[in-house]
Amino acid sequence: MSKLIPSLDNFTRCHDTSEPISNFKAPRGQAGVSILWPKQWSSKIKKLEVGNERIIAITIATEPMLCIINAYMPTINTNSEIQYSECLDIIFDIIEKHQSKYIIILAGDLNGSLLQTRTNKHDKLLKEFVQEVSLFRPDLGNQPTFFHHAHHGSSQIDYILSNRNNLSKKYSILDKSYANTSAHCAVILHTNISIPLLVRNTNQKKTIKTKVLWEQRDEEKYRETILNELLQKDLPTLDIDKQIDIISNSLLNAQQQSIPSKITQLKGPKWKATPEVTVLLRMCKVIYNKWADLGKPIGHPLSLELKIHKKKLRQRQRMEQAIDRNTIHNKIMNTSSSQMFHRLIRRNLGDNSQSAINCIKTDENEYLFLAKDQRKAFANYYEDLSAPKPEQFDDLYVNLCKIRQKEMLKTLEDQEIPSDYFTSADIIKAIEELNMNKSPDEFGLCAEHLKFSKNEIAPYLTKLFNNIIETLKTPGTFKTGILFPVLKKDKDPSDVNSYRETLPSKLKWKSLVTKHLNTYWQNTLRDDAESKSTLKHMDTEHLLVGKNHPVWTIFDKTKAEVRKAIIKARIVSGTFILNSDRAKFNQAPSSVCQLCNLSEENISHFLLECPILSNTRITYFQPIKTYVTQHITAEVWHSVFQSKSNIIRLIIDCRHFSQTLRDDKIMNMIETKTREMCYKLYIKRLKLLEAMDG
């Protein structure tokens with residue numbers, strides 16, 4: 001749809017959206033539904049997840065708010081009333097959920113008529129539904145909206161209905177036109193609700209986003225340019241704000257003259273075709289043009305050749321996308337840097353065009369399109385939030401703060417401050433502690449500007465800061481900064497009141513993000529583990545991100561203990577290969593145990609049942625049983641561990657019984673003993689098999 005009508009945004013759902021159909025040919029009455037709107041409205045529109053392949057809905061943050069439902073109801077057929085009723089139930093749920101806050105508009109091919117002369121099964125269901133949910137439409141008489149292709153008749157089945165009877169300014173059904181190849185006529189509703197066309201101001205200067213390539217700097221030229229510019233100015237005779245402007249401009253000018261930059265935001269597609277893909281694209285284009293010149297005959301050899309080359313093109317694109325994903329993943333896993341982390345975050349954010357806005361609405365219902373007006377609106381909003389209000393602040397505390405401020409100012413005024421309060425060494429030390437690879441400030445300056453010219457700039461900054469201390473005057477540029485408004489969940493981004501009033505501190509924010517990331521991956525890990533049959537003996541409840549499994553809790557980290565942990569880890573993770581596993585993949589003629597030839601060799605047989613390993617098993621399992629019964633009593637042992645499955649779980653992962661064992665020290669000791677038992681059984685089995693092979 002976006003390719004057919006690029007000037008509009010859309011919400012489209014087709015019959016094969018959920019279950020794709022190859023070589024798709026839309027069955028009768030099962031095509032799809034779509035809602036289109038000007039792209040300037042996108043910031044006000046939310047696509048709802050409700051509905052199905054026949055029903056879609058959006059909400060529009062206007063005043064009053066709208067909920068538009070588009071429906072393509074089932075055509076009348078044998079037993080079609082069942083599917084028709086199901087669709088009406090879906091629409092009913094959408095209306096019931098949104099009618100308290102939104103004006104409801106239901107539009108589409110309803111395949112049922114509200115005319116009194118029509119009485120088929122769909123007509124009756126539709127009339128009952130419209131009456132139940134109190135939907136209205138203007139009376140246009142019996143004017144038809146549908147004409148049968150074979151001229152078997154006509155009917156009125158296309159409607160625009162609303163739960164407000166005063167919504168319509170004009171309701172009309174267009175006459176059939178030679179340009180309209182559909183069997184339906186267009187139905188138009190002009191409402192009395194106006195949505196401002198949020199057109200971007202064309203006179204607004206477009207800025208080109210660039211990235212400074214500091215790693216390619218000409219450091220000598222950079223320092224020389226700064227020094228030459230500053231030497232030409234008599235800074236001590238100027239006021240503080242003018243000094244800051246000159247120093248800032250000298251840094252920016254030196255950067256432009258000695259450090260290259262690249263444009264980070266280009267027009268055109270973000271995806272760049274590789275040479276291999278370019279060759280396939282050109283071949284497809286050449287073959288298509290030849291086929292088109294022949295009139296696009298169906299079944300022509302060129303048509304089949306085009307299909308084959310398109311398949312190769314898609315395969316190549318998917319392969320390159322997979323390689324790109326793996327490359328990024330490997331870089332993230334192998335490179336522990338915040339840059340790669342933020343690259344992953346930006347990559348997962350995807351297309352944010354729906355959240356981008358070009359208009360802000362103020363409390364006075366004024367729409368602001370210019371960036372400077374929008375900045376001023378946000379500044380006023382946050383300034384109002386920061387101002388003390390009697391209903392929100394303690395007046396006594398506010399007055400106390402004011403008194404403290406006056407006393408501190410008086411103390412500073414009475415105190416004699418030395419002219420060399422700051423030294424060049426202090427300034428250089430402060431510059432060295434700045435973090436690089438951070439976003440620039442509102443003037444375009446960042447830490448790199450200072451770090452690569454610290455010796456040249458330090459004397460000027462020293463005089464500047466000492467002047468500020470001496471005059472007790474704070475420069476105006478020190479009072480500005482960049483503020484990033486954070487939108488509240490599910491709020492209208494064009495409304496200035498939809499943004500958060502307070503934000504967590506940097507430390508708290510990092511802690512919060514880390515916590516949510518750990519929770520997400522922890523839940524994902526548990527869900528994956530529970531779905532894998534090989535991990536059925538592992539305790540997934542105690543899987544924690546950043547914490548090793550107890551199998552790796554080794555107090556004596558010798559090679560022998562590490563080998564034991566490796567064998568136990570393979571058993572816990574279900575990767576310890578026995579005959580039953582080999583037989584599944586045709587790597588063994590039989591799943592029967594090669595030692596005893598009595599039954600299938602699975603993990604239960606290996607740990608508890610194989611008679612050939614009984615002496616080793618008794619030697620190492622008996623101490624485990626004795627240790628556990630000492631701490632939970634023999635009665636509890638017999639009640640909890642009377643089944644083989646629980647004994648297997650105790651041996652493989654004793655955390656299953658954390659409620660029974662309780663103490664971490666007890667479980668760590670059991671883990672050590674079971675690790676020893678598994679390793680000894682493994683060695684015994686290995687030696688016996690080697691002896692059998694002779």
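This is a guided tour of one protein chain, stop by stop, in a predicted model.

**Whole chain**

Start with everything shown. The protein chain has 694 residues, and 33% of them count as buried. Colour by secondary structure: the chain comes to 21 helices and 15 strands. Now think about contacts between residues at least 6 apart in sequence. Of these, 62% join residues at least 24 apart. Switch on the surface. About 45,200 Å² is exposed, and carbon and sulfur atoms supply 53% of that area.

**The largest nonpolar core**

Select I69 and I91. The largest nonpolar core has 49 residues, and these two touch the most other members. Stay on I69 and show its surroundings, leaving out neighbours within four places in sequence. I69 is then in contact with I55, I56, A57, I91, I94, I95, I104, I105, L106 and A107. Next, select A529, F576, I651 and L681. They are among the 42 residues of a second, separate core.

**Helix α2**

Select residues 121-133. This is α2, with 13 residues. From its first C-alpha to its last it reaches 19 Å, close to the 18 Å expected at 1.5 Å a residue.

Which residues of α2 are buried? Show H122, D123, L126, F129, V130 and V133 as sticks; these are the ones. They cover an arc of only 135 degrees around the axis, so they sit on the same side of α2. Now turn to the other side, where E128, Q131 and E132 are exposed.

What covers the buried residues of α2? Add 80-98, 103-109 and 158-162 to the view. The cover includes α1 (80-98), β6 (103-109) and β9 (158-162).

Go to the start of α2 and show N120. A side-chain oxygen of N120 reaches to within 3.0 Å of the backbone nitrogen of H122.

**S134, after α2**

Step past the end of the helix. S134 follows α2, in the loop between α2 and β7 (146-147). Check its backbone angles. Most residues other than glycine have a negative phi. S134 is not a glycine, yet its phi is positive, about 60 degrees. Is S134 buried, partly exposed or exposed? Its relative accessibility is 39%, so S134 counts as partly exposed; the class lies between the cut-offs of 20% and 50%.

**Helix α14**

Jump to residues 559-572. This is α14, with 14 residues. At 1.5 Å a residue it should span 20 Å; its end C-alpha atoms are 20 Å apart, which agrees.

Select the buried residues of α14: E561, K564, A565, I567, K568, A569, I571 and V572. Among them are charged residue types to pick out by name: E561, K564 and K568. Then add the partners. The buried residues of α14 pack against α16 (603-609), α19 (644-652) and α21 (664-693). Just after α14, find G574, which takes a positive phi of about 75 degrees.

**N597, before α16**

Follow the chain to the loop between α15 (579-584) and α16, where N597 lies. N597 is not a glycine either, but has a positive phi of about 55 degrees. How exposed is N597? Its relative accessibility is 57%, so N597 counts as exposed; the cut-off for that class is over 50%.

**Last view**

Finish with both helices and both loop residues selected. Keep α2 with its buried side and its exposed E128, Q131 and E132. Keep α14 with α16, α19 and α21 packed against its buried residues. Then mark S134, partly exposed, and N597, exposed.

Technical notes:
Residues are numbered from 1 along each chain as its sequence is written. This is a predicted model: local features need pLDDT of at least 70, side-chain atom pairs count only at pLDDT 80 or more; totals for chains, interfaces and linings use all residues. Side-chain values use heavy atoms; hydrogens and water are left out. A nonpolar core is a set of buried Ala, Val, Leu, Ile, Met, Phe, Trp, Tyr and Cys residues joined through side-chain atoms within 4.5 Å. Buried means under 20% relative accessible area, exposed over 50%, partly exposed in between (1.4 Å probe, protein chains only). Contact means heavy atoms within 4.5 Å. Helices (H or I, at least four residues) and strands (E, at least two) are DSSP runs, numbered from the N terminus. The expected span of a helix is 1.5 Å times one less than its number of residues. The arc is that of the directions from the helix axis to the C-beta atoms. A polar contact is a pair of N or O atoms within 3.5 Å; within protein, one must be able to donate a hydrogen and the other to accept it, and residues adjacent in sequence count only if both atoms are side-chain atoms. Accessible areas come from the Shrake-Rupley method with a 1.4 Å probe; for residues, only the protein chains shown count as cover.
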